[in-house]
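Visitor: I have a structure in front of me that is new to me, and I would like to learn how to read its features one at a time. Could you take me through it slowly?

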Amino acid sequence: MATFDYITEMSKFYEMKKSDIPFFGECLAGAFDGYPLFSYFMPGKDSADRMDYFWKVDLTTIVGRMFCVGDKQKPDVLGLFGPPGYRDSSFFRYVASGGIGLNFKYSPGMIARSLAFQDFAGKIKKKYSDDNCWYLYCLVTRPKLQGKGLCSSLLRPMLDYFDRAGCSCYLETFEEENVPLYEHYGFEVCERVNVPKSPLLLRAMLRKPKGKEI
């Protein structure tokens with residue numbers, strides 16, 4: 001398992017362990033209810049069961065490979081950060097983590113849609129990131145606690161670390177209303193691009209380390 005002890009700016013936060021996946025997954029499921037990307041992966045009305053299952057699978061594939069951090073063990077706010085050199089989970093890792101259940105139990109065709117999206121999004125990411133770039137996979141807070149500065153309290157220390165380390169940070173968002181929020185933290189839109197054979201518009205955003213250029 002990877003260790004991220006060197007990120008001293010995040011010492012007051014809680015780093016997810018494998019046993020914490022149900023707690024982090026529950027927070028993510030609530031925060032992403034109705035998000036366009038998941039409506040595409042899992043067409044139809046969102047349900048707590050399948051969103052919980054999705055995040056259990058997803059977190060199982062990335063634990064120890066991403067920096068998964070929250071304000072506490074049962075988080076109200078959390079962020080998932082892929083370190084430089086991070087690569088998306090392989091098909092075999094995804095299936096071994098239970099992903100096959102999503103495809104057959106909850107959303108037929110999801111694996112095919114996910115693989116096609118992963119390939120496309122990976123090519124966009126490669127255009128704007130390098131081997132010294134972190135990947136902000138997601139940053140969420142529970143809906144009832146939004147607007148209280150919780151996301152900022154977690155994101156700003158990570159950005160301080162990126163600046164200290166001279167690292168850039170890349171992210172994707174599928175909602176235009178998120179763009180000005182990330183611009184506030186120094187991210188810039190690199191490209192707006194339609195995901196083939198889907199209703200999705202991907203906004204690719206990059207933040208350069210403060211005071212440096214890449």
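Guide: Let us begin with the words for the elements: helices, of at least four residues, and strands, of at least two, are DSSP runs numbered from the N terminus. Please keep in mind throughout that this is a predicted model.

Visitor: With those names in hand, where does Lys-197 lie?

Guide: Lys-197 sits in the loop that joins strand S6, residues 188-194, to strand S7, residues 201-207.

Visitor: What should a reader notice about the backbone there, and is the residue buried or exposed?

Guide: The general idea is that most residues other than glycine have a negative phi. Here Lys-197, although not a glycine, has a positive phi of about 55°. As for its surroundings, Lys-197 counts as exposed because its relative accessibility is 85%, and the cut-off for that word is over 50%.

Visitor: Which loop holds Glu-176, and which residues does Glu-176 touch beyond those up to four places away in sequence?

Guide: Glu-176 is in the loop between strand S5, residues 168-173, and helix H7, residues 179-183. With residues up to four places away in sequence set aside, Glu-176 touches Arg-192 and Arg-203. Its relative accessible area is 35%, so Glu-176 is described as partly exposed. Between Glu-176 and Phe-23 there are 29 Å from C-alpha to C-alpha, and the two are 153 residues apart in sequence.

Visitor: How does one describe two helices that pack together, and what are the values for H1 and H3?

Guide: Two packed helices are described by the angle between their axes and the distance between the axes. In this model helix H1, residues 21-31, packs with H3 at an angle of about 125°, and their axes are 8 Å apart. The two helices are therefore oblique to each other, and H1 passes H3 in a right-handed crossing.

Visitor: Which residues of H1 and H3 meet?

Guide: From H1 come Ile-21, Phe-24, Gly-25, Glu-26, Leu-28 and Ala-29, and these meet Met-51, Asp-52, Trp-55, Lys-56, Leu-59 and Thr-60 of H3. By character, the residues of this contact between H1 and H3 are seven nonpolar, two polar and three charged.

Visitor: Could we look at single residues of these helices, and is Gly-25 buried or exposed?

Guide: Gly-25, which lies in helix H1, counts as buried because its relative accessibility is 4%. Leaving out neighbours within four places in sequence, Gly-25 is in contact with Asp-52, Trp-55 and Leu-59. The C-alpha atoms of Gly-25 and Asp-52 are 6.0 Å apart in space, while the two residues are 27 apart in sequence. On the H3 side, Arg-50 has its place in that helix, which spans residues 48-62, and Arg-50 is buried, with a relative accessible area of 5%. Arg-50 and Lys-74 are 24 residues apart in sequence, and their C-alpha atoms are 20 Å apart in space.

Visitor: Finally, how many disulfides does the structure hold?

Guide: A disulfide is a covalent bond between the sulfur atoms of two cysteines. The structure holds zero of them. Cys-133 is in no disulfide, and the nearest cysteine sulfur, that of Cys-169, is 6.2 Å away.

Visitor: Why is there no bond between Cys-169 and Cys-133?

Guide: The sulfur of Cys-169 is 6.2 Å from that of Cys-133, its closest cysteine sulfur, which is too far for a bond, because the two sulfur atoms would have to be within 2.5 Å. Cys-133 is buried, at a relative accessible area of 6%, and Cys-169 is buried too, at 1%.

Technical notes. Residues are numbered from 1 along each chain as its sequence is written. This is a predicted model: local features need pLDDT of at least 70, side-chain atom pairs count only at pLDDT 80 or more; totals for chains, interfaces and linings use all residues. Side-chain values use heavy atoms; hydrogens and water are left out. Buried means under 20% relative accessible area, exposed over 50%, partly exposed in between (1.4 Å probe, protein chains only). Axes are lines fitted to C-alpha atoms, for helices over the stretch in contact, and angles run from 0 to 180 degrees between N-to-C directions. Angles under 35 degrees count as roughly parallel, over 145 as roughly antiparallel, 65 to 115 as roughly perpendicular and the rest as oblique. A crossing is left-handed if the near helix is turned anticlockwise from the far one by less than a right angle, and right-handed if clockwise. Contact means heavy atoms within 4.5 Å. Ala, Val, Leu, Ile, Met, Phe, Trp, Tyr, Cys and Pro count as nonpolar, Asp, Glu, Lys and Arg as charged, and the others, Gly among them, as polar.
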